[in-house]
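Reader: I would like to learn how to read a model with two chains. Where should we begin?

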Amino acid sequence: MNITLRLAWRNLWRHSRRTWLTLGAMAFSNILLVFMISLQFGMYGMMIDNTLRVMTGHLQVQAEGYKDEHKMRQTVPDIAELAASLRRDLELERVAPRALAFALASSSDRTYGLQIAGVDPARESLVSSIPGLVRTGNYLAAGDAAEIVIGSVLARNLRVGTGDEVTLLGSGLDGSFAAAVVTVSGIFETGVVELDRGLAEVPLGFFQDVFFMEGAGHQVVIAARDLDEAALLTERTRELVADNPGLVVHDWDALQPGLRQAIKADMSSAFFMYGILVILVAFSVLNTQLMSVLERTREFGIVMALGISPGRLGRLVLLETALMGFMGFVGGAVLGALVTGWFAANGFSYPGMDELTANFNLPSRVYPPVAFLPTVIGPLVVYFFSMVSALYPALRLNWLQPVEAMRAA
Amino acid sequence: MTKQLQIVWTLAWRNLWRNHRRTLIMIAAVSVGVWAMIFMTALMRGMVNDMIRSGVENLPGHVQVHHPGFRDDPSVNNLIPATDTELAARLADRGFRAWSTRINVPAVITSERESRGVTLYGVDPARDRDVTFVADSIAAGRYLESIDDDGLVLGRKLLENLDTDLGKRVVLMSQDPDNDIADRGFRIVGVFEAELDNVEETMIFGGKRTIQQMLRIGDRVTEVAVVGPDYRDVEPLRRELARILDDDVEVLPWTELNTYLGTMLRVMDGFVLVWTVVIFLALSFGLVNTLVMAVFERVREIGLMLALGMRPVSILAQVMLESLLLLAIGLAVGTSLAWATIVPLEAGIDISIVGEGLEMFGASSVLYPELLLADVLLADAVVLILGILASLSPAWRASRYRPVEAITKV
């Protein structure tokens, strides 16, 4: 073992209580950081995933302007053909066409306004979780039958069950009166009241007939396996539709602008908190190292008089901090990962959390994943700032006068 | 006794400044910690306040009264049994800050080009202007003028989506109690703006009597909204309303009408406490460290004082007082720093870069931090009480030294 290293190690344990306390501060912050960051990133992933999976998908092809204005006449012409060609060119099954309109739905004793989506019954389940959430009856059968699936709250409010008839009233693409009688084939329950109360799906072909769409629709929805693939698919889809004037490709970020900003807003407040924790640890380290240098003034004076350079002493002090920081890093990361792991197995929740997380499509119990990056990033920052705060005590040694130092009390 | 206290005080104060670098670093740490506790809490309070304020404005009211079936099935079939005239008689002169009886039903609005699903409100403009934000948020045109007004006021975003304009006609469709389609043409007379896009897209307002006629419901309403003195304490208002109205209605405070916000308010207090304690724990390591060092380098001196007859309790008091002084200075600096940073920001912080994200939380893009005395006291109390507890161990050890051993210690 190198002599400087051995000296540093021994110096560290001269005041074992002080070193333990400083290590304690590091470990405490590190454990907290590891757990919080893992929880955060786990939640963000779930938030994005759960929100996009409901209906949005990772990207959509729409008519220009439709995203913000949702006007009936901002259509994608020959939408089924476009979806089929994209499916072929992207070599991807998860591509589905959709058309949307507002309409009144009446049963024998109630009338409600709702959004009607015309979907491809065979493909919709590849891009949306709603077909899988049908609780009673069945999802739309393939083909263009006069069938409808509605949300559970709407079914309760309309007082209809599967097999009952519902009348749809609305206006078609050309502004003319559109009406149809459809049979309820299934009732879905997403848990999101707005959807359960205000959404219904019918077969795309049927939708196009009723609303005089002439083969047009509003969105081609494309779902990716993950966010990385989504970025790639967006690129390629943009190239593929480039020669269709009036069509644009929006990625999930543009379709759900609130999502990334909600994450950003949450992150900025979280980073403020993390920053404070790191600063407090840095103060702890600064205090400890400064004390340990000051109390060795005489000792340093003597070794400097014997010919050791201030730079070497400074390196010794930094090495002490590095050793301590390393222990804090390893201890904090390991303990933090263990804490996170425990919650990964048992789930994390606090009173009231179910109410708050439902807004962001999150479950009431979160299982934070243990991953490498969230585990080391917090402790790394703590390590870095510990080293920075040791600079002052280390550099001070350059101004040390050996003779005066030896006389110091 | 006073003499002794004075000695302890002088000793503690001088000891504190013996190693001024260490003391200053520790004071800085305590100050930053306390500042962060208070500052962060004020920001969070401001955000929650804003969410609740706009939530209560959009509901609207602190307490609402409905037919028991209305919340699950918001239709004209679930009208409040008492007539509007009876309700008004019972609500009048009760000293409520504001109240309004209103109609609130789902409807479809159709312009020449587009249709949208919306919530239609039939209101008495004279009463409703004190309950909702709409009267004060008219961006173009005018607000409703009377309950017989046959114009319609809607949000700017909805106007754009419908591809229509002020002064143009639209058709509203809903149902009457017999489930026949109830429809009527309206002229758009006013456009309002709201903080949340969702509000602009889904809320439309008409004169109460006009809407009653369209829906063929006579002198009946679906909802009573009442504003009380304080949104934090709505239970007395709820009880008062339950007492003066019949049993066949449901009287609910906003905390239950919007459970997300209600929970937010409750969770907030827990969050403040957890955040304060976490910061303190991070601080406590440094505090204990400082005290342990301070005692350690004075072992001989403490031994000497004990040998000369100073009572152990005085040594304990000395160390504790030293710690208390340090904490007190840190608290004073941290609290004033928090005050100095929050007060200039109370005019509002523009955080519109994450505006749409905040909208998901239900907050607007200008943040008004709120400094609550209770939060400041909580932060200060936590630091003082836990600080004293943390100092006990080093102080106790100092007072237990054996004089002879301590003096001879190198």
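**Chains, domains and helices**

Author: Begin with the contact between the chains, which takes 56 residues from chain B and 56 residues from chain A. Two residues are in contact if their C-beta atoms, placed from the backbone, lie within 7 Å. This is a predicted model, in which local features need pLDDT of at least 70 and side-chain atom pairs count only at pLDDT 80 or more, while totals for chains, interfaces and linings use all residues. Residues are numbered from 1 along each chain as its sequence is written, and chains are lettered from A and ligands numbered from 1 in the order in which they are written.

Reader: Which elements of chain B each supply at least two residues of the side that touches chain A?

Author: Helices and strands are DSSP runs (H or I, at least four residues, for helices; E, at least two, for strands), numbered from the N terminus. On chain B the list is helix 2 (20-58), strand 2 (98-110), strand 3 (115-123), helix 5 (156-162), strand 6 (169-175), helix 10 and helix 13 (355-361). Helix 10 of chain B gives the largest share of that side, 18 residues.

Reader: How many residues of each class does the side of chain B that touches chain A have?

Author: Ala, Val, Leu, Ile, Met, Phe, Trp, Tyr, Cys and Pro count as nonpolar, Asp, Glu, Lys and Arg as charged, and the others, Gly among them, as polar. The side of chain B that touches chain A has 28 nonpolar, 16 polar and 12 charged residues.

Reader: At what angle do helix 2 of chain A and helix 10 of chain B pack?

Author: Axes are lines fitted to C-alpha atoms, for helices over the stretch in contact, and angles run from 0 to 180 degrees between N-to-C directions. Helix 2 (residues 16-56) of chain A and helix 10 (residues 259-296) of chain B pack at about 175°, with their axes 9 Å apart. Angles under 35 degrees count as roughly parallel, over 145 as roughly antiparallel, 65 to 115 as roughly perpendicular and the rest as oblique. Helix 2 of chain A and helix 10 of chain B are therefore roughly antiparallel. Residues in this contact include A:Leu21, A:Phe28 and A:Leu32 from chain A, and B:Leu281, B:Phe285 and B:Val292 from chain B. The residues of this contact divide into 11 nonpolar, 5 polar and 2 charged.

Reader: What about a pair within one chain, such as helix 4 and helix 9 of chain A?

Author: Helix 4 (residues 79-90) and helix 9 (residues 227-241) of chain A pack at an angle of about 125°, with their axes 11 Å apart. That makes helix 4 of chain A oblique to helix 9 of chain A. A crossing is left-handed if the near helix is turned anticlockwise from the far one by less than a right angle, and right-handed if clockwise. Helix 4 of chain A passes helix 9 of chain A in a right-handed crossing. A:Leu86, A:Asp89 and A:Leu90 of helix 4 meet A:Leu233, A:Arg236, A:Thr237 and A:Leu240 of helix 9. By class, this contact has 4 nonpolar, 1 polar and 2 charged residues.

Reader: How do helix 1 and helix 12 of chain B pack?

Author: Helix 1 (residues 2-16) and helix 12 (residues 312-342) of chain B pack at an angle of about 50°, with their axes 8 Å apart. These two helices of chain B are therefore oblique to each other. Helix 1 of chain B passes helix 12 of chain B in a right-handed crossing. Among the residues that meet are B:Trp9 and B:Trp13 in helix 1 of chain B, and B:Leu321 and B:Leu325 in helix 12 of chain B. The contact has 10 nonpolar, 4 polar and 1 charged residues.

Reader: Into which domains is each chain divided?

Author: Domain bounds come from an automatic or database domain assignment. Chain A is divided into domain 1 (3-51 + 259-407) and domain 2 (59-223), with 53 Å between their centres, taken over C-alpha atoms. For chain B the assignment gives domain 1 (2-55 + 262-408) and domain 2 (63-257), whose C-alpha centres lie 50 Å apart. In chain B, 6 residues of domain 1 are in contact with 6 residues of domain 2.
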